Amino acid sequence: GVYVNGLFMEGSRWDREKRVIGESHPKALYDSMPVMWLKPCKKEDIVDRPHYVAPVYKTSERRGTLSTTGHSTNFVMDMRLPSDQPQSHWIMRGVALLCQLDD
């Protein structure tokens, strides 16, 4: 696996006590994410728990040019984050993970 450090969450925050996505604090646009461990596994070994599939972008623009593979050059990957709300709740809030913040 690999440890990932330095990601930011936009549109919500990481609830460190419950270890799930939580509502943003007032007037807080971003929240820093804790260090995460990405562990490779087979798809059939993934335990199906309530989660949100958060897109990870390089920048907050959330757009880029389409590459030859058909993906945006700004898109990195999707991450499954534990949640106690349905996915539609976080989609309506535009929740995403960012590799860097704007200056």
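How many aromatic pairs does the count come to? It comes to two aromatic pairs. This is a predicted model, so everything below is about a computed picture of the chain. We'll get to both pairs after a look at the whole.

## The chain as a whole

Let's start with the parts list. The protein chain has one helix and nine strands. Read from the N terminus, the elements go β-β-β-β-β-β-β-β-α-β, with the helix sitting just before the last strand. The radius of gyration is 14 Å, close to the 13 Å that the globule rule gives for 103 residues, so the chain is as compact as a globular protein of that length. If you trace the C-alpha atoms along the principal axes, the span is about 40 × 40 × 25 Å.

What about the surface? The accessible surface of the protein chain is about 7400 Å², and carbon and sulfur atoms account for 54% of that. Of the 103 residues, 30% are buried. The chain also folds back on itself across long stretches of sequence: take the contacts between residues at least 6 apart, and 66% of them join residues at least 24 apart.

## The five-stranded sheet

Five of the strands come together in an open sheet, in the order E5-E2-E9-E7-E8, with mixed pairing. At the edges are strand E5 (30–32) and E8, each of which pairs on one side only. From one strand to the next, the twist averages 30 degrees.

Strand E7 is a good place to see what "mixed" looks like. E7 and E8 run antiparallel and are joined by seven bridges; one example is Tyr 52, whose bridge partner in E8 is Leu 81. E7 and E9, on the other hand, run parallel and are joined by two bridges. Here Val 56 stands opposite Leu 97 in E9, and Tyr 57 stands opposite Leu 98 in E9. E7 is mostly covered, too: six of its seven residues are buried.

## Two pairs of rings

Back to the opening question and its two aromatic pairs. Tyr 3 and Trp 37 make a stacked pair, with 6.4 Å from centre to centre and 25 degrees between the planes. Tyr 3 lies in strand E1 (residues 2–4) and Trp 37 in strand E6 (residues 36–38), so this pair ties together parts that are 34 residues apart in sequence. Is Tyr 3 buried or exposed? With 63% relative accessibility, Tyr 3 counts as exposed. Trp 37, at 49%, counts as partly exposed.

Tyr 57 and Phe 75 form an edge-to-face pair, with 6.0 Å between the centres and 70 degrees between the planes. Tyr 57 is in strand E7 (residues 51–57) and Phe 75 is in strand E8 (residues 75–82), so the pair ties together parts that are 18 residues apart in sequence. Tyr 57 is buried, with a relative accessible area of 15%. Phe 75 counts as partly exposed, at 26% relative accessibility.

## Around Cys 99

Where does Cys 99 sit? Look in the segment after strand E9 (96–98). At 35% relative accessibility, Cys 99 counts as partly exposed.

Setting aside neighbours within four places in sequence, Cys 99 is in contact with Gly 6, Leu 7, Phe 8, Val 56, Tyr 57, Lys 58 and Val 76. Two of these, Val 56 and Tyr 57, have already come up as residues standing opposite partners in E9. As for Val 76, it is 23 residues from Cys 99 along the chain, yet their C-alpha atoms are separated by 9.0 Å.

## Two loop residues with positive phi

Last stop: a pair of backbone details in the loops. Arg 19 has a phi near 60 degrees, a positive value in a residue other than glycine. You'll find Arg 19 in the loop between strand E3 (13–15) and strand E4 (20–22), where Arg 19 is exposed, with a relative accessible area of 61%.

Lys 27 also has a positive phi, near 65 degrees, and is likewise a residue other than glycine. Lys 27 lies in the loop between E4 and E5. With 88% relative accessibility, Lys 27 counts as exposed.

Notes
Residues are numbered from 1 along each chain as its sequence is written. This is a predicted model: local features need pLDDT of at least 70, side-chain atom pairs count only at pLDDT 80 or more; totals for chains, interfaces and linings use all residues. Side-chain values use heavy atoms; hydrogens and water are left out. Rings of Phe, Tyr and Trp (its six-membered ring) pair if their centres lie within 6.5 Å; planes under 30 degrees apart count as stacked, over 60 as edge-to-face and the rest as tilted. Helices (H or I, at least four residues) and strands (E, at least two) are DSSP runs, numbered from the N terminus. Buried means under 20% relative accessible area, exposed over 50%, partly exposed in between (1.4 Å probe, protein chains only). Contact means heavy atoms within 4.5 Å. Two strands pair if DSSP finds at least two bridges between them. Axes are lines fitted to C-alpha atoms, for helices over the stretch in contact, and angles run from 0 to 180 degrees between N-to-C directions. The radius of gyration is taken over C-alpha atoms; the globule rule is 2.2 Å times the number of residues to the power 0.38. Accessible areas come from the Shrake-Rupley method with a 1.4 Å probe; for residues, only the protein chains shown count as cover.
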